[in-house]
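Here are some notes for a colleague who is opening this structure for the first time. They are best read with the model on screen, one point at a time.

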Amino acid sequence: MSHSPSLPDRPRLELDPEMSETERLEAIRQHYRRIRQVNDELEERLDDAQDRRGELKADVDELKRENEVLKTSSLYIASVEEITDDGIVIKQHGNNQEVLTQASTTLESDLRPGDRVAINDSFAVQQVLDDETDSRAQAMEVTESPDVTYDDIGGIDDQIREVREAVEDPLDDPEQFEAVGVEPPSGVLLHGPPGTGKTMLAKAVANESDATFIKMAGSELVRKFIGEGARLVRDLFELAAEREPAVIFIDEIDAVAAKRTDSKTSGDAEVQRTMMQLLSEMDGFDDRGEVRIMAATNRFDMLDEAILRPGRFDRLIEVPEPNAEGRERILEIHTQDMNVADDTDVGAVAADLEGYSGADIASLATEAGMFAIRDGRTEVTQADFEQAREKLQDAEQTEERVINYQY
Ligand SMILES: Nc1ncnc2c1ncn2[C@@H]1O[C@H](COP(=O)(O)OP(=O)(O)OP(=O)(O)O)[C@@H](O)[C@H]1O
């Protein structure tokens, strides 16, 4: 440590050999007084320095506290990937780093996969980001791994094969496409009557390619989230990029991508904005990495051709009503966990179900089970299936009568 230049000089005792005894004594006394003086001076300085040190220490403590506050108040943003027994898996925005972390028990019970959260330096979840997350979470259904498999889907084997080629193969082996030099389709559009398994197919392909399934319902975008459609579409693509590999599934896409009508109501303008956002996301999504886009509609005839151009939904797959063989397979799938009497001819039941969709067959199976239960039996018989069919037919006719009466 260097001495401060203003420190007093060290007193020196200079004794001349010529000096008398008295002179020497006087010189020594003077020297002693000077030493005392310098000592007092130094002690005073020391006191000052100690005071100053105390002040500086207080300043340091204050700055340390401030630093702590700053550290805890600047948080990073991340998305919750998965909630496991070992903790919460989050993915940080920006660097996409995945981390296994913790949150307080109260916070943890509020967390859902897909939530946006704020995390601190040590990645602990500090808060769930509400407002934006809310509509995001409501408008999008995010499933880490849907539990539907190809085996659960009956009667549409060709469609399964086509979807696998267009969605699963590019996710599984992008290099193969690059090596051959073909671009995988940009978007896959499933079209066909209601309840034929379009949503199941999208879920199954996400499951079998180990991709996150992110579903958005077009009808909700325009009905429930008025004014937010375009932003939610942007969020949808952003979320998919964060969660890749991912399959985006837009159900009832006709709600946001119907042919332009002449009316100029504000509702239409909002729908148009949502569709424009969707188109621009698809166009700007060339480097879409491990994200595949699927959509479904029951109203193919209503679609605006703009969404079917190359680079957008350029792979169309029709999912028709099942034929007799398909119906039999679907009935088998939906009765495999049921206690069906051995002499039941599933093929004959299915043959009678002309015009039934997969969803209708699923309700028929449940209804047949209900007949057995009402009867106090544990086995479902062919007669139960027949009764169920009659009941559903009656219900449908009543529905038709109501509709005819209304219009
Ligand atoms: N091909 C099928 N094989 C087995 N089950 C099916 C099939 N199609 C439909 N289902 C049953 O019907 C339910 C609804 O099917 P899904 O939601 O996939 O139909 P969708 O075509 O997407 O209908 P929508 O157009 O009304 O959205 C399924 O959960 C399943 O129980």
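1. Strands S4 and S5 form a hairpin, with five residues between them, and Phe123 in the turn has a positive phi of about 70°. Please keep in mind, here and below, that this is a predicted model. The two strands of the hairpin, S4 and S5 (residues 125-128), pair in the antiparallel sense over three bridges, and one pairing to look for is that of Ile119 with its bridge partner in S5, Val125.

2. What is unusual about the backbone of Phe123, and is the residue buried or exposed? Most residues other than glycine have a negative phi, whereas Phe123, which is not a glycine, has a positive phi of about 70°. Phe123 sits in the loop between S4 and S5, and it counts as partly exposed because it has 18 C-beta neighbours inside 10 Å.

3. Strand S4 (residues 116-119) also has a partner in strand S1 (residues 76-84), to which it is joined by four bridges, the two strands running antiparallel. Within this pairing, Ala78 stands opposite Val117 in S4.

4. For the chain as a whole, the model shows 13 helices and 11 strands, and buried residues make up 33% of its 407 residues. Of the contacts with a separation of 6 or more, 72% are accounted for by residues that lie 24 or more positions apart.

5. Which residues are closest to the ligand? Its shell is made of 19 residues, and the closest are Gly197, Lys198, Thr199, Gly358 and Ala359. By class, this shell has nine nonpolar, eight polar and two charged residues. At least three residues of the shell come from each of domain 3 (142-318) and domain 4 (324-406), while helix H6 (198-208), helix H10 (324-335) and helix H12 (358-374) each supply at least two.

6. The UniProt record, an unreviewed entry, lists Gly195, Thr196, Gly197, Lys198, Thr199, Met200 and His334 under "binding site". Among the residues of that list, Gly197, Lys198 and Thr199 are also named with those closest to the ligand in the model.

7. Helix H6 deserves a closer look, since 11 of its 11 residues are buried, so that the helix is largely enclosed by the rest of the structure. The buried residues, which include Lys198, Lys203 and Glu208 as well as Leu201 and Val205, pack against helix H4 (157-172), strand S7 (187-191), strand S8 (212-217), S9 and S10. Just after H6, Asp210 takes a positive phi of about 55°.

8. Two residues of H6 may be followed individually. Thr199, which lies in this helix, is buried because 20 other C-beta atoms lie within 10 Å, and, leaving aside its neighbours within four places in sequence, Thr199 is in contact with Asp251 and Ala296. Met200 is likewise found in helix H6 and counts as buried because it has 22 C-beta neighbours inside 10 Å; with its neighbours within four places in sequence again left aside, Met200 is in contact with Val148, Asp152 and Ile153.

9. Where in the chain is the cis peptide bond that involves Pro245? Most peptide bonds are trans, but the bond from Glu244 to Pro245 is cis, with omega near 0°, and Pro245 is found in the loop between helix H8 (229-242) and strand S9 (246-251).

10. A further backbone feature concerns Glu252, a residue other than glycine whose phi is positive, near 50°. Glu252 is found in the loop between S9 and helix H9 (266-283), and it is buried because 20 other C-beta atoms lie within 10 Å.

11. Finally, Ala306 lies in the loop between strand S10 (291-297) and strand S11 (313-318), where it counts as partly exposed because it has 14 C-beta neighbours inside 10 Å. Ala306 and Lys259 are 47 residues apart in sequence, and their C-alpha atoms are 8.9 Å apart in space.

How values were computed:
Residues numbered from 1 in each chain as written. Predicted model: local features only at pLDDT ≥ 70, side-chain atom pairs only at ≥ 80, totals over all residues. Near = placed C-beta within 6 Å. Nonpolar A, V, L, I, M, F, W, Y, C, P; charged D, E, K, R; others polar. Domains from an automatic or database assignment. Pairing = 2+ DSSP bridges. Buried ≥ 20, exposed ≤ 12 C-beta atoms within 10 Å, placed from the backbone. UniProt positions renumbered as here; feature names shortened; annotations may be inferred. Contact = placed C-beta atoms within 7 Å.
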